[in-house]
Structures are given as structure tokens and as C-alpha cells.
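User: I'm new to reading protein models. Could you walk me through this one, a feature at a time?

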Amino acid sequence: MASNRKRGHREKDLTRRFLTGEVDDDRLETCERFSGKRDSAERRRIERTALLRAAEEEAGRDLDSLPIGQVVQVYSLYCDVEHESGPRLCVVRKTLARLSDSPIVVGDLVRFRDIGTVDESGRPEAVIEQVLPRRTILTRADSFKAVEQQPIVANAAQMLIVVSLHQPDVKWGLVDRMLVAAQAGGLTPIVCLNKIDLAAAGAQGEEDLEFARSALAHYASLGIRTLMTSVPQGTGLAELKQVLQDQCTVLAGHSGVGKSSLINAIEPTLNLRVGEISGYTGKGRHTTTTARRYALSCGGHVIDTPGVKLFGLWNVTADNLIEYFPDVANETAPQWRVESYRRILASLA
Ligand SMILES: Nc1nc2c(ncn2[C@@H]2O[C@H](COP(=O)(O)OP(=O)(O)OP(=O)(O)O)[C@@H](O)[C@H]2O)c(=O)[nH]1
Ligand SMILES: [Mg+2]
């Protein structure tokens, strides 16, 4: 098998066992696939799948009996995993980490094995043996050219797309991109316009608020739920709480739009760090640096995420983009939506 990577003994042995049928009886099919004319990417994918299956077999036939936890936060080498019997500090099984197409992300459901040790705070340590199939996945691409995927959150039911009227100014094009990303990943999008108390502070004052109202009304006409909120004035927070209750919701948007502030307003005991807006650029300061999942006392969970600068789309092509713009397809879209569609289309071409 062709591979540029240098393989360890264990991995080679697993490959041999898999391919000789000791581990799995897909051998014939695999051999047939290799004998054909396949490009190297496809060959690597098949090889990796074979290794992954073999590794899972190797991990023990007791996989199904291992407890299932949910990833709360991912660090470079560890993950915090939540389980009804208490939190765990987990490492990912090496073979799994090396072979998986996508890294483990917040929200992943994982089977873990306690290893009988505890960390310095007394928390049990465990190894993640398996990642369960994801019901939803919010992914972005590394750039508009979409060379690599960057999965952000798994298994969230909803995505609260947070924008602020001012400081920083709302960018409807980013909202449109995030709407596509949510729907492409199987999440229900909700658009939340925050900082509406700043209507009077903008250079154009009420005019911007009027435009924002019409944009939100347009999204609502497409069946997308919308909210208008102000943290200091308490506007829209009761409705927001209702929307979040008993659901798992990921909050996403530019830095400084108030994602962490909104979570604090719903669940004050969390006391998440919020950052001042830069007086010079009018932008946020990237205060939240990693995604983390929090339980809400009203039921449900929220996942706070770091502010995004741009949002490249993954698994969306110039051919299927129109599916996410029904208003453009049936020619009922306002001009700004048509322009937004064209800009995204151009970036996918
Ligand atoms: N006027 C006003 N300010 C707000 C509102 N919500 C949040 N802010 C302020 O906006 C600033 C940024 O808030 P954060 O909650 O840190 O924003 P964030 O989206 O979490 O930012 P990152 O973590 O950097 O992505 C803080 O100074 C908040 O006090 C609001 O509704 N109105
Ligand atoms: Mg934040």
C-alpha cells in the first residue's frame, strides 16, 4: 500500500490483520478497490478506514459497554468530558486521533475508558475510545477556497447567529454565510440582532435600525426565527431564554457582538469573561478563545465560541448554493440578498 507516512509496528500489524481478513471480512472488496485505477486520495481514505476499523476491533470487543460522555471543551492534548457520574479529563486514543478524518470537537459524544488515575484536582482520567456518529456538525472552511475543514461544534440543535447593530456594525453578508453553514450542517439557525440600544449612537441612527428590522423581517419570511436584544436594557432576553431552553445552541458571530454577554445575561452564575470594544477599530478583542459548552439552569446547553473573522463554507458548492437561497431562486429576494448570494457564489467558483 502506498503511503508516504512512516508507520509504527502496531499500525502495520493492524493493517496486515485487517487486509488478511483476521480482523474484518471486507478484504475482498478492499482488494478489488485497490486493484482498480484509483487516485491516491481515495486510496488513502480506504486505507485509513481499514485501519480505523481494525483499531476499533483492537480496542476491545467491549466498546458497546463503555460509558458515553459528551465533550465540553477541547485543549491541544486533552478534552473535558461530561458524564452523569462526574467529569473526566480525557486523552484521545492515539490510533483514533491519527486516523480520524476530523478532530474531536465540543459536543462530540464519545465512549471512554477510565484508566484508574486522577488529575491534580482529583478528576478521573480516561481515554476516548470511540466518537459516535454526529447528528449535526457546524463546520467552516479554512478559507473561502475551502481547502480544509474546521469543524467547530458537533450535535448542537440550533445556531444562534449573533450580530450587533453597532460596535461592531452588522455585516449581513456574514449572516447569510452563517445561515448557509448552519443549514448545511443540519442545525436550525436563529438570527439575533444584539445591542439595539446603540441605535441612537450610530452615524445613521434610526436608519440602520430600520434597515435591520427589514432584513430580520425578510429572514422571518423565509421561516428563520429572529430576535432583537439589548443586554444592558434587558430587551428580548426573556424571549432568548425561551429559545434556548431545553435545546443545545451554539452561539457564533464576530468578536465583540456580545455572545458571552448574552450567555451571562441568561445564566449570570457563569460569569464568562467579556471584553471591551476597541475604541480605535470599533471591533471586539477576541476575548473568548476556545469553544466551551455550558449547562443552563432553565434546561438545555449553550456553546460559547470565539469570534470569527470570516466564515468559509464547507460542503457547499457553486452548484448547490442556490438551495440555501430560496428567495433568490424564486426572485422574491431584496437586492442586498441577491448581492450577498452573488458574492458567496463568486467566492465558491
Ligand atoms: N451597548 C451594548 N453593549 C453590549 C451589549 N452586549 C454586549 N455588550 C458589550 O460588548 C462588548 C463585547 O461583549 P462580549 O460578550 O465580550 O462579546 P463576544 O461576542 O463574546 O466577543 P468575543 O468573545 O471576542 O468573540 C462588552 O463590552 C459588552 O459589555 C448590548 O446589548 N449593548
Ligand atoms: Mg466571548
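**Reading the backbone**

Analyst: Let's start with histidine 286, which sits in the loop between α8 and β12. Helices (H or I, at least four residues) and strands (E, at least two) are DSSP runs, numbered from the N terminus. Before going on, note that this is a predicted model: local features need pLDDT of at least 70, side-chain atom pairs count only at pLDDT 80 or more, and totals for chains, interfaces and linings use all residues. Residues are numbered from 1 along each chain as its sequence is written, chains are lettered from A and ligands numbered from 1 in the order in which they are written, and side-chain values use heavy atoms, leaving out hydrogens and water.

User: Okay! What is the phi of histidine 286?

Analyst: Phi is a backbone angle to look up residue by residue. Histidine 286 isn't a glycine, yet its phi is positive, about 50°. Asparagine 271 also has a positive phi, near 50°, and is not a glycine either. You'll find asparagine 271 in the loop between α8 and β12.

User: Is asparagine 271 buried or exposed?

Analyst: Check the relative accessible area: buried means under 20%, exposed over 50%, and partly exposed in between (1.4 Å probe, protein chains only). Asparagine 271 has 62%, which makes it exposed. Histidine 286, with 32%, is partly exposed.

User: Which peptide bond is cis?

Analyst: For that one, look at omega. The bond going from glutamine 167 to proline 168 is cis, its omega being near 0°. Proline 168 belongs to the loop between β8 and α5.

User: Now the sheet. In what order do its six strands come?

Analyst: To read a sheet, follow which strand pairs with which: two strands pair if DSSP finds at least two bridges between them. Here the order is β10-β9-β8-β11-β13-β12, in an open sheet with mixed pairing. At the edges are β10 (225-228) and β12, each paired on one side only. From one strand to the next, the twist averages 25°; for such angles, axes are lines fitted to C-alpha atoms (for helices over the stretch in contact), and the angles run from 0 to 180 degrees between N-to-C directions.

User: How many bridges join β9 to β10?

Analyst: There are four, and strand β9 (residues 188-194) runs parallel to β10. To see the partnership up close, find isoleucine 190, which is opposite arginine 225 in β10.

User: Which strands does helix α5 touch?

Analyst: Contact means heavy atoms within 4.5 Å. Helix α5 (residues 172-184) packs on the sheet and touches β8 (158-164), β9 and β11 (248-252), with its direction at about 175° to that of β8. Helix α7 (residues 237-244) lies across β8, β9, β10, β11 and β13 (301-304), and runs at about 145° to β10.

User: How many salt bridges are there?

Analyst: A salt bridge is a side-chain nitrogen of Lys or Arg within 4 Å of a carboxyl oxygen of Asp or Glu. That rule gives 13 of them. One of these joins arginine 292 to aspartate 80, with the closest N and O atoms 2.9 Å apart. Arginine 292 is in strand β12 (residues 292-295) and aspartate 80 in strand β2 (residues 79-82), so the pair ties together parts 212 residues apart in sequence. Aspartate 80 is buried at 7%, whereas arginine 292 is partly exposed at 25%.

User: Can you show me another pair?

Analyst: Sure, try arginine 337 and aspartate 327, whose side chains meet in a salt bridge at 2.7 Å, N to O. Arginine 337 lies in helix α10 (residues 335-348) and aspartate 327 in helix α9 (residues 326-329), so this pair ties together parts 10 residues apart in sequence. Both residues of this pair, arginine 337 and aspartate 327, are buried. Elsewhere, shared partners join Asp62, Arg93, Arg113 and Glu129 into one salt-bridge network.

User: Last one: which residues coordinate the magnesium ion?

Analyst: Look for donors, meaning N, O and S atoms within 2.8 Å of the metal (3.2 Å for Na, K and Ca); water is not among the atoms, so sites may look incomplete. The magnesium ion (ligand 2) is coordinated by Ser260 through OG and Thr288 through OG1, at 2.0 to 2.1 Å. Serine 260 is in helix α8 (residues 259-266) and threonine 288 in the loop between α8 and β12, 28 residues apart. Serine 260 is buried at 7% relative accessible area, and threonine 288 is buried at 17%.
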